[in-house]
Amino acid sequence: MKQEFERRLSSYYDELKWLYMEIYGDKAMLRQLIDVAREFYKERKPSLRKLDIQRERESNWYRKSDMVGMMVYAQQFAKNLTGIKEHLDHLKKLHIRYLHLMPLLKMPEGRNDGGYAVSDFRQVDERIGTIKQLSELSELCRKNRISLCLDFVINHTSDEHEWAMRAKKGEREYQERYLCFDNYDIPAEYEKTTPQVFPNTEPGNFIYDEEMGKHVLSTFHSYQWDLNYRNPAVFNEMAANLLFLANTGIEIFRIDAVPYIWKQLGTTSRNLPQVHSIMRMLRILCKIVCPAVAFKGEVVMAPHEVAPYFGSVEKPECDILYNVTTMVCVWNSLATRDVTLLKWQMDAMDALPREYTFVNYVRCHDDIGWGLDEGGIRAQGFDPLEHKKFLYHFYAGDYPESFARGRLYNYDPVSQDARSCGTCASLCGMEKAWWENNLQDMELAIRRHIMIHAYIASLGGIPVIYSGDEIAQLNDYSYEQDAEKNDDSRFLHRGEFSWEDAALIQKPQSRQAKVYIALQKILKVRGEHAVFDADAWEHTWETFDKSVLAFERRKGAERFVGIYNFSEYEKELSLGFDETFTELFSGQTISGSGLSLEPYEYLWLLRK
Ligand code: GLC
């Protein structure tokens, strides 16, 4: 068994050494890192080692069409890890094969950024469970063919983490793990070129810590202190934390806020080359200790800045990335009833190597940032800022004709930038229709919600459903009453999972049942066809109707055409194909001349 480790180490050693020495130039620390890796390998359970060997042979395990995911907050969904175990059936019935558990490691009470302020990387928060329970859950999930995904918050710790506490007490060694400054000279320089993440709620990139008497870099919230990756002790210890968590049986790590981990005066401190070296080293360590593990990078950046995080074919970094721009384009298309930008985005994605795997989603725990391609908006004759303003007002429900109910997020009066929050159902119009008791609008809202889920489920990659969306959960306004949360409108769509709503899926006329049954079917059908595998060929079609999107996918003998009406208008179109296809949900035979689509209707056509 030991040979496995040595075999893998010898095939990666030269590259690891080269990268490590380039950044840290410290041989003793490299030796220490390898010793630590060896220890984690020794501690790795036999069942996980077996999985490692299996995955070394089957490296595309997460790229098959039946890999469909869900993301849940353990507490909101089922109170704790034991609750998740008890509710596994809910996930299985939806054909879920990948479960992203939102941050669950030890976090401060109150201000913890939904768990993204970690106080201890080796303990589960006591309100949620224990490390032992996490290991047991991962094992149970594996038996049920579900891979667990966990966040690895790499960029910062909470200011209640032991390192931060010791830094505050004046211990130099720990101050050097963060970016602490005696006066504001360097911070002032840094601020000249570095953008802000929360310009409204958390202006500036630094905070002054009274106890320590120093300025500390905190890119996100004031209580999230950025780690200093120029210090090899930080890299070694964080790598050890990652390997520790991998040994609990986590199969996919969502590496949080990746682009931010390396800072450099005179730059934006985003996407710097060292970030890629660090990601590559972490990946190498996992390939040596726990090759069953895959990396999903959270890179919420402009489209051209995302793909580099896959690395190169010879030197891959992340296995999976978020398809952020497609998500934004979907919401843009719903508001404008125009799929032009979405089609362009698909064309850009289709030009990328088929080896790349993306998570496709419509909602997640974060806001929708309106990072659309500005050139594309201009090409359509719109001013990018005016268009962004239209979108965030539309989704805040500020226009009488808007179907959406949501909230602005981080409105910046200077740049007039803002993002949007709300659950999928509320943004699609169900909340408004429910309040107004308007059955016709409710029907349209349900159709919107289902259609955009069908759309993401027909793309290559991994469709991930945000927990609650499968039962069309509405916004939860209770955060407005909570002093710790009321300045963060993302909590609008982080409400407790409603098991009462879930029970309504037994009532076929309820919105919950309509959405649930449709999503269940969509995910099942997707898993049955190889044409939805990540490596299928994909190409968009010209529909000659700006509200209708159509695209084709091919793999082996299977040919799929997806057609989506992003409007409330009935459409007649001729796509000019003569072959007949079978519609996967209705079983009807359909040909491309003389197609008609109902409002927000979608067709999944297959030909073998
Ligand atoms: C990621 C998370 C977000 C969090 C931030 C800081 O972007 O998705 O929720 O606020 O990282 O950790």
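This report walks through the ligand site, the domains and the cavities of the structure above. The model is predicted, so please read every value here as computed from that model.

**Domains**

A good place to begin is the domain assignment of the chain, which gives domain 1 (1-153 + 232-322), domain 2 (156-226) and domain 3 (532-607). Taken over C-alpha atoms, the centres of domain 2 and domain 3 are 52 Å apart.

**The ligand and its surroundings**

Where does the ligand sit? The space taken by the ligand is the largest pocket. Around the ligand we find Asp113, Tyr116, His156, Phe220, Gln224, Arg254, Asp256, Glu298, His365, Asp366, Arg490 and Arg494. Sorted by class, this shell holds seven charged, three polar and two nonpolar residues. Domain 1 (1-153 + 232-322) and domain 2 (156-226) each supply at least three residues to the shell.

Three residues of the shell are worth a look in the viewer, and the table gives the distance from a polar side-chain atom of each to an oxygen atom of the ligand.

| Residue | Distance to a ligand oxygen |
|---|---|
| Arg254 | 2.9 Å |
| Asp256 | 2.9 Å |
| Arg490 | 3.1 Å |

How much of the ligand's accessible area does the protein cover? On its own, the ligand has 310 Å² of accessible area, and the protein covers 94% of that.

**Cavities**

Besides the ligand's pocket, the model also has cavities to explore. The count comes to six cavities of 30 Å³ or more. The largest cavity has a volume of about 220 Å³. Which residues lie nearest the centre of the largest cavity? They are Met349, Arg354, Phe358, Gly460 and Glu538, which belong to a lining of 19 residues.

Technical notes:
Residues numbered from 1 in each chain as written. Predicted model: local features only at pLDDT ≥ 70, side-chain atom pairs only at ≥ 80, totals over all residues. Heavy atoms only, no water. Near = heavy atom within 4 Å. Polar contact = N/O pair within 3.5 Å; in protein donor to acceptor, adjacent residues only side chain to side chain. Areas by Shrake-Rupley, 256 points an atom, 1.4 Å probe, with all protein chains shown as cover. 1 Å grid on protein atoms, 1.4 Å probe; cavity = no way out; pocket = protein on both sides within 12 Å on 5 of 7 lines; lining within 4 Å. Sits in = over half its atoms within 2 Å of the grid points. Nonpolar A, V, L, I, M, F, W, Y, C, P; charged D, E, K, R; others polar. Domains from an automatic or database assignment. Points joined across faces, edges and corners; volume = space filled by probe spheres on them.
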